[in-house]
Amino acid sequence: MRSEGFQMKRFYVRHDRSSMPVGTDGVLLGAWCPIDVHLPLRVLDAGTGCGLIALMVAQRIAEMMGESGDWQVEGIDIDVDSAEQAGENFGASPWSRHLRACQGDVRNWEGEYDLIVSNPPFFNQALASPDRRRAQARQAGVTMAFGDLTSAARRLLTARGQMALILPASEEEAMTQAATKNKLYIEERCTVSSKEGAAPNRVMMLLGRETVNIKSEHIVLTSANGYRSEQYQQMTREFYL
């Protein structure tokens with residue numbers, strides 16, 4: 001049975017009504033995504049689910065730029081219940097005036113953003129979730145092809161804007177091709193292994209409009225003793241209790 005929510009150091013996330021609850025992928029992206037510090041700053045979390053990534057990004061921005069600065073983080077989700085619960089989580093957070101949740105589809109969303117973050121749903125029929133709404137959210141990843149997501153990002157990003165994503169490692173090539181077709185290019189990438197010695201099963205990517213020398217790194221989540229690795233602990237030390 002799914003828990004009602006998850007307690008982080010500075011905020012609590014209820015996810016009992018969200019199609020996509022708190023998970024390691026969201027925590028990874030929220031902690032890793034690079035943030036270019038400047039004012040004003042506008043961020044979009046596309047497919048926000050319960051709002052976890054948006055809240056993590058808001059915490060990081062507030063720590064760097066102050067809670068009274070000119071910055072805004074918006075979370076949108078095609079699922080009505082998810083968008084409503086994200087809004088409740090935003091309202092209960094220390095950064096409520098900087099956060100906004102809406103029901104919507106990134107493919108026809110309007111705005112201009114310096115950073116787009118997304119944990120896009122993916123769907124594997126062999127691993128189909130028994131939870132109907134979660135399965136639908138993942139199926140949206142098939143309906144909304146990577147080309148649609150990168151096309152929307154190209155339209156919504158400012159001239160220096162960037163998009164940060166987390167994906168199954170098996171989908172990296174497809175995303176790279178879709179991004180390149182929409183004139184977005186990898187600036188940074190981080191491969192993720194679930195345990196020491198294992199092949200990467202996730203990849204995080206930062207896309208921008210310019211071709212640059214790609215900065216690459218690799219992290220391991222679990223060390224040989226079965227606990228969070230030192231690397232992962234450092235990465236998430238401001239979030240996990």
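**Reading a fold, one feature at a time**

Me: Which residues does asparagine 89 touch, leaving aside those up to four places away in sequence?

Reply: Asparagine 89 touches Tyr12, Val13, Arg14, Cys50 and Leu55, once residues up to four places away in sequence are set aside. A touch here is a contact, with heavy atoms within 4.5 Å. Please keep in mind that this is a predicted model.

Me: Where does asparagine 89 sit, and is it buried or exposed?

Reply: Asparagine 89 belongs to helix α3, which covers residues 80-91. To judge burial, look at the relative accessible area: under 20% is buried, over 50% is exposed, and partly exposed lies in between. Asparagine 89 has 5% relative accessibility, so it counts as buried.

Me: How far apart are asparagine 89 and valine 13, in sequence and in space?

Reply: In sequence they are 76 residues apart, while their C-alpha atoms are 5.9 Å apart in space. The chain as a whole can be read in a similar way. Take the contacts between residues at least 6 apart in sequence: 76% of them join residues at least 24 apart.

Me: Let us step back, then. How many helices and strands does the protein chain have?

Reply: The protein chain has seven helices and ten strands. Its C-alpha atoms fill a box of roughly 45 × 40 × 35 Å along the principal axes.

Me: What does the radius of gyration tell me about this chain?

Reply: Compare it with the value for a compact globule. For 241 residues that would be near 18 Å, and the protein chain has 17 Å, which agrees. Buried residues make up 53% of the 241 residues.

Me: And what about the surface and the charges?

Reply: The protein chain exposes about 11400 Å², with carbon and sulfur atoms supplying 48% of that area. There are 26 positive and 30 negative side chains, and the centres of the two sets lie 1 Å apart.

Me: How should I read a helix such as α6?

Reply: Start with the geometry. An α-helix has 3.6 residues a turn, so residues three or four places apart point the same way. Now look at α6 itself, where the buried residues are Glu172, Met175, Ala178 and Ala179. They cover an arc of only 130° around the axis, and this places them on the same side of α6. Exposed on the other side of α6 are Glu173, Gln177 and Lys181.

Me: What covers the buried residues of α6?

Reply: The cover includes helix α5 (146-156) and the strands β7 (157-168), β8 and β9 (202-208).

Me: Are there backbone angles I should look at?

Reply: Here is the general idea. Most residues other than glycine have a negative phi, and most peptide bonds are trans. Two places in this model are worth finding. Just after α6, lysine 183 takes a positive phi of about 60°, although lysine 183 is not a glycine. Lysine 183 is in the loop that runs between α6 (172-181) and β8 (185-195). The other place is the peptide bond between leucine 39 and proline 40, which is cis, with omega at about -10°. Proline 40 lies in the loop between α1 (24-32) and β3 (41-46).

Me: Can we practise on a strand? Which residues does leucine 221 touch?

Reply: Leucine 221 is in strand β10. Its contacts, not counting residues up to four places away in sequence, are Thr24, Leu28, Val192, Ser193, Ser194, Tyr227, Arg228, Ser229 and Tyr232. With a relative accessible area of 12%, leucine 221 is buried.

Me: And threonine 222: what is its relative accessible area?

Reply: Threonine 222 is found in β10 (residues 215-222). Its relative accessible area is 23%, so threonine 222 is partly exposed. Among the residues that threonine 222 touches, beyond those up to four places away in sequence, are Ser194, Tyr227 and Ser229. Cysteine 50, by contrast, is 172 residues away from threonine 222 along the chain, and their C-alpha atoms are separated by 25 Å.

Me: Where could I find an exposed residue to finish with?

Reply: Try glycine 197, in the loop between β8 and β9. Its relative accessible area is 82%, so glycine 197 is exposed. The C-alpha atoms of glycine 197 and phenylalanine 11 are separated by 33 Å, and the two residues are 186 apart along the chain.

Conventions
Residues are numbered from 1 along each chain as its sequence is written. This is a predicted model: local features need pLDDT of at least 70, side-chain atom pairs count only at pLDDT 80 or more; totals for chains, interfaces and linings use all residues. Side-chain values use heavy atoms; hydrogens and water are left out. Helices (H or I, at least four residues) and strands (E, at least two) are DSSP runs, numbered from the N terminus. The radius of gyration is taken over C-alpha atoms; the globule rule is 2.2 Å times the number of residues to the power 0.38. Buried means under 20% relative accessible area, exposed over 50%, partly exposed in between (1.4 Å probe, protein chains only). Accessible areas come from the Shrake-Rupley method with a 1.4 Å probe; for residues, only the protein chains shown count as cover. Lys and Arg count as positive and Asp and Glu as negative; His and the chain ends are not counted. The place of a charge is taken as NZ of Lys, CZ of Arg, CG of Asp or CD of Glu. The arc is that of the directions from the helix axis to the C-beta atoms.
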